[in-house]
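Student: I am new to this structure. Please take me closely through its internal spaces, meaning its cavities and one of its pockets.

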Amino acid sequence: MSKSEKGFQLNQKKYRQINNYTGWIVLLIASFTYLSTIEPTTSFWDCGEFIATAHKLEVGHPPGAPLFMIAAKVFSLAAGDDVTQVAKMINSLSAMASAFTILFLFWTITYFAAKIVRKPIEEYSINDLIGVMGSGVVGALTYTFSDSFWFSAVEGEVYALSSLFTAVVFWAILKWERIADEKYSDRWLVFIAYMMGLSIGVHLLNLLAIPAIVFVYYFKKYEPSKRGITSASVISVLLLGIIMYGIIPGLIQVASWFELLFVNSFGLPFNTGVLFYMLLLAVGIVWGLMYTVKTQKVILNTIILFFTVIVIGYSSFTMIVVRSLAEPPMNENQPDNVFALLSYLNREQYGDRPLVHGQYFNADVIAQETQYTYVPIGNKYVKTPKVNPKYTYDPEFTTVFPRIYSHQANHKSGYINWANIKDDKKKPSFGQNLSFLFKYQIGYMYLRYFMWNFSGRQNDIQGHGGYLKGNWLSGIPFIDNIRLGPQDKLPQSISSHKARNKYYMLPLLLGLLGMIFMYNKRPKQFLIVLLLFVLTGLAIVIYLNQTPYQPRERDYAYAGSFYAFAIWIGLGVLAISDFAKKYLPGATSGVIATALSLVLVPSIMASENWDDHDRSGRYTARDLASNYLNSCAPNAILFTYGDNDTFPLWYAQEVEGIRTDVRVVNLSLLGTDWYIYQMTKRAYDSAPVPFSFSKDKYRQGVRDLLPVVERIQKFVPLKDVMDFVGSDDAKTKVQASDGSDMNYLPAKLLQIPIDSAKVMNSGLVSIQDTTRLLKSIDFNLTKKYVTKSDMMVLDLLANFNWDRPIYFASSVGTDNYMDLQEYFRLEGFAYRLMPYKTKIENGDIGDINSDILYNNLMNKFKWGRMNELDVLIDHYNTRVLSIMKIRDVFARLAKTLLEEGKNKKAIEVLDRVVELTPHRQLPYDYFTIPIAELYYKAGEADKANKIINKLASIYEEDLNYYLSLKKPYSGAIGYETRVAMSVMQELVSLTETHKQDELFERISGNFDILFQKYISSEQSKQ
C-alpha cells in the first residue's frame, strides 16, 4: 500500500457522494457546451415546424410528438412576451435534455466500472476509485463532444429528449438490478414502463432499449443457460412487438371498431364509441388490478400495472386530437377522429417499405388493391379509399428480405451503382440484394456515421458515395490515403473545411479496448451493452430499409448506438488503469489512465468539433424565411414545396408573427384533402385561399389524378375547364383502365382572363408596362396527368380574379410552375405572376422591376449574420443558399440596373453581395463569375480582378489536386474536374474579353498547363 492510500477509507455514503458530485460536474460541462452553442432561433429541416407546433400547441407531421410539444411549450414560457426568444428557449430544452443524458451516461458507466472492479466499496483503493470515476468522466465527455449527439443537442428537435429517455430507462434498470433483492424494488420496473409510455410521445427509438432491459432482468433473476437466453430473446422481441404493433396502433384500432359500431350501427353521435371504449378500458384495468391483488396473482398484477402506466404515458396523444379538433392553422393530417388518428400514428401518408418479403426495384405491378378507411360525412362514417393502394408485384421479381425495392427513378440508379447491377431488366440476384445492404445501408449509412463519431470526419458535405464528400476520416495518412486518395497535397477547399475533424481513431481504439475488457471481465454485462448497441444501430438499419439519395444525412437516428459505444470508451480507461497498475504504484495508474484518456479523446474531440457545431449567433433560417415572405406583396399567396422553404416560414409566421398576411401553400401537401380544407380557412391576417371546389370535390379518393385528354384544341377559359373538372355529370368523365369513371382535363391550351382595370388600380403594372398588358394569360399545360395538387392550383388560378398576388418560391422546381414561367417576375426569392409576358434569357426566368428588387435586397431583407466570420455556415445552410441562388439574384439585379444606366446602384448591389457572401462563408463557385463580369461592365476592374484572382487560385489548386490522382480516385471525380475546368475556361475568356492582359496571361498560361494534364489524365483512363 502506498503512502497516499494509507488512511484511505471509503464507504457507501461517501462513494455515492463522489459519484453524484462528479456526475454533476460532468453535467455542468455538458450544459455549458450545449447552451453556449445552441442556435438562437430556428434551424432548417423539421425544427421550424416543431418549434411552431410547440409554441401554439398545434399539430405537426405524423406520427406526432405531443410530449415533446408539452415540454417545449413549458420551456417557451421563459421567453415571456419576447417571441424572438421562443426558439432559443425550446432549443435550450434540447441542450438541457442532452446534458442530463450525459449525466445518466456517466452514472451508467460508473455502475459497470464498479461491477468490473468486483470489490465491496469499503475495500476500494484510491486507484480503484479514480479508475471508476475516470471511466465515467472520459466516456461521458466523449459522448458530449461526439458529432451526431452534439448536432441534435443544439436545435429544437425530438432526438435530444428521446436520447434522455433512453439514458434514463437504461440507468433505471441498472438501478433496479442493484437493489433487486430489496422490498419494493419492482417499483423501478413500473417506473421504466411509465417512461416507455411517455417516450412514445417523443419518439419510438427509446423502445429499442427493451431487449437490453429484459436481459438485465434475466441475468439478475436466473442462472444463464442456452434455453434461458433463447427464451429471454424471444420475450424481448415479443415485448417490443406488442408495444410497437399492439399497444400503439392496437388501442386506437380497437377504439375505431367501437366508434364505427356506435355511430354507424347505433346511430349515436361522433366519438360516443371512443368514450365508451375508454371507459370500458379504465374499468377493466381497475377491476384487473383489484382482482389480482385480492387473489394474490403477483405476475398478472404486475403485467396489468405495466400496461396501465404505458397507456397513461401514451395518453399524451389525446392532446393531438384535442388540438386538432380546435382547427389551428397548423393541423397536419387533421387527426380529429379515431380513424384519422390511426392513419396519423401509422404514418400512412409516407407509404410503406417491405421488410420480410417484397419486390425488387424492377418488378412490374400486376394488381392494385384499394385500401379503405372511414371519414366523417354528415352524421355517419363513410368508407373512402386510403392515400396509398396496396400493390401486387410480379412474383418472379420478388424476394425474401428485400433491400432494393423502390421504383423511384433516382433510387433505381442508386441500386444499380451500389449493387453493381449490369442489366436492370433482369431480376437482381439475392447476392446483389445483400450487396446493397452491406455496402450502402450498413457500410455507408451506419458505419460511416459511426466512424464520424469515433474516428473523424472529412467534411459535412452530404455525399452519395465518392471520395470528396462526407466520408469518415482517421487523420492517419496511410489509412486515409488508401481510402480517399493522397492526403498530403489537399487543396484548401478540402483541408481547411471547418468540419474536417481528425480524432486519429483514438475514441474508436479506446472503445474497442473497453469492449474487450468488459467481455473478459463481465460477459453478462457485456451482452447487455451489446444488445443496446446493436438494436439502436444495425437493427434500425434493417428496419428503416433506406433507399439511396436520402435528402439529408441520417446519423441522428443511430445516436443510441453511439451512446452504447461511449460506455465501452469509458471502460477503456479502466482497462488501461488495470493494466498499468501492475507496473505503477498506488493511484498512479488510475491518474495516468484518466488524464491521458481525457487529453487524447474528449479534449481532441472538443477542440476539433467546436467550430463546426457552434451555432451561436446564427439567424439564417429565420431571416431567409422572412426574406421569402417579404418577397411578396401584401395579402399574397406563396407556393412552396420542400421542408426548407416551408418549415422556417411556418416558424416565422406562427412564432414571430412575420408577414401573417401571406398565405404559404405547400404544393407537396396540397394533394391531401385535410390541407386543402385548411387553406379554405382564414389564418391570422390571411384570407381563405379562393378555391371553388367544395369539400366533396376534393376529399380523399376523389379526383386524386386527372388525365389530360385534349378534346378541345384551342385556348379555353380556365374557369370553364375547372367547372368541367368539378362536375359530377357522367358526360364529364372518361373510363379508367380498371373500368371506373374518372374526371379529366379536356384541354391543354388554357386561358386566365385579366381584369385590366383591377390590375391597374392595384399598382401591379407600372405606367411604362401598361402597353404590355394582355387580355388574358394563355398557357399550354404540357402535363399528361394532373395531380390533385395541380388541380387545386389550377382551380385557384381560375378563381383568384387578380384580387391577390400569386407567387412561386424560387426554390420550387420548374415542373410545379404549371408552364406559366413566361409570365413570371422576380421580386426577391419568389416569382410573381404578371398580366403580361416576361422574358426567359439564358435560363433565367422572369423579368425584374429594379426598384422593387433593389428595395427588397438592399433594404428589406435580413441575412442572419451569414457574412460574419464567427458564424457557422454549415452544409445545410450552404445548400439552402445555393438553392435560393442568392448570388444569381443579386447579379440579375445588377445587370438590369446597368442596362437601365444606373451604374452607381449596380455597383452598390455588387458590393453588397460580395460583402454578404465572402468565400470563407459561402465558397466562391461558378455563380460568382457573373459578379466579376458585371464589375468589369460597371468600370470596377479592380474589384472584378480581386474575385477573378480568388476564383483562379481556388480552382487551380483544386485542379492540380484532381489531376494528380491516379485510378480509382481519378475516375470518381470526373464531374468535379469538368466543373473546375469550365470555371477556368470562363475566367480565361472573361479576362481576355475585358482586356485584363496581365491577369489573362497568367490565368491562360496556367490553364494551358492544366488542360494538358487534363488531356493526359483522360487518355490514361481509356
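Tutor: What follows goes through the cavities, then a pocket, then a pair of helices. Keep in mind that this is a predicted model.

Start with the cavities. Searching the whole structure turns up seven of them at 30 Å³ or more.

The largest cavity has a volume of about 230 Å³. Its lining is made of 16 residues, and those closest to the centre are Phe151, Arg457, Asp460, Asp874 and Tyr876. Two helices each supply at least two lining residues: H6, covering 147-153, and H33. Look at the classes next. Nine residues of this lining are charged, five are nonpolar and two are polar.

The second largest cavity has a volume of about 140 Å³. It too is lined by 16 residues. Closest to its centre are Ser163, Thr166, Leu205, Ala559 and Gly560. Helix H6 appears again here, with at least two residues in the lining. Helix H7 (159-179) and helix H22 (559-580) also supply at least two each. H7 gives the most, with five residues. What about charge? This lining has no charged residues; 10 are nonpolar and six are polar.

Now the pocket. The second largest pocket holds about 1700 Å³ of space. There are 47 residues in its lining, and Ile461, Thr878, Pro923, Tyr924 and Asp925 are the closest to its centre. Several helices give two or more residues to this lining: H18 (492-495), H33 (875-884), H34 (886-899), H37 (941-962) and H38 (974-993). H37 gives the most, with seven residues. The lining mixes the classes: 20 nonpolar, 12 polar and 15 charged residues. Note helix H33 here. It gives residues to this pocket, and H33 also supplies residues to the lining of the largest cavity.

Last, a helix pair. Helix H11 spans residues 272-294 and helix H12 spans 298-314. They pack at an angle of about 150°, and their axes are 9 Å apart. Angles over 145 degrees count as roughly antiparallel, so H11 is roughly antiparallel to H12. The crossing of H11 past H12 is left-handed. On the H11 side, the contact uses Leu281, Ile285, Gly288, Leu289, Thr292 and Val293. On the H12 side are Leu300, Asn301, Ile304, Leu305, Phe307 and Thr308. Eight residues of this contact are nonpolar, four are polar and none is charged.

Methods
Residues are numbered from 1 along each chain as its sequence is written. This is a predicted model: local features need pLDDT of at least 70, side-chain atom pairs count only at pLDDT 80 or more; totals for chains, interfaces and linings use all residues. Side-chain values use heavy atoms; hydrogens and water are left out. Axes are lines fitted to C-alpha atoms, for helices over the stretch in contact, and angles run from 0 to 180 degrees between N-to-C directions. Helices (H or I, at least four residues) and strands (E, at least two) are DSSP runs, numbered from the N terminus. Angles under 35 degrees count as roughly parallel, over 145 as roughly antiparallel, 65 to 115 as roughly perpendicular and the rest as oblique. A crossing is left-handed if the near helix is turned anticlockwise from the far one by less than a right angle, and right-handed if clockwise. Contact means heavy atoms within 4.5 Å. Ala, Val, Leu, Ile, Met, Phe, Trp, Tyr, Cys and Pro count as nonpolar, Asp, Glu, Lys and Arg as charged, and the others, Gly among them, as polar. On a 1 Å grid over the protein atoms alone, a cavity is a set of points where a 1.4 Å probe fits but cannot get out, and a pocket is an open set with protein on both sides within 12 Å along at least five of seven lines; lining residues have an atom within 4 Å of a point. Grid points are joined across faces, edges and corners, and a volume is the space filled by probe spheres set on the points.
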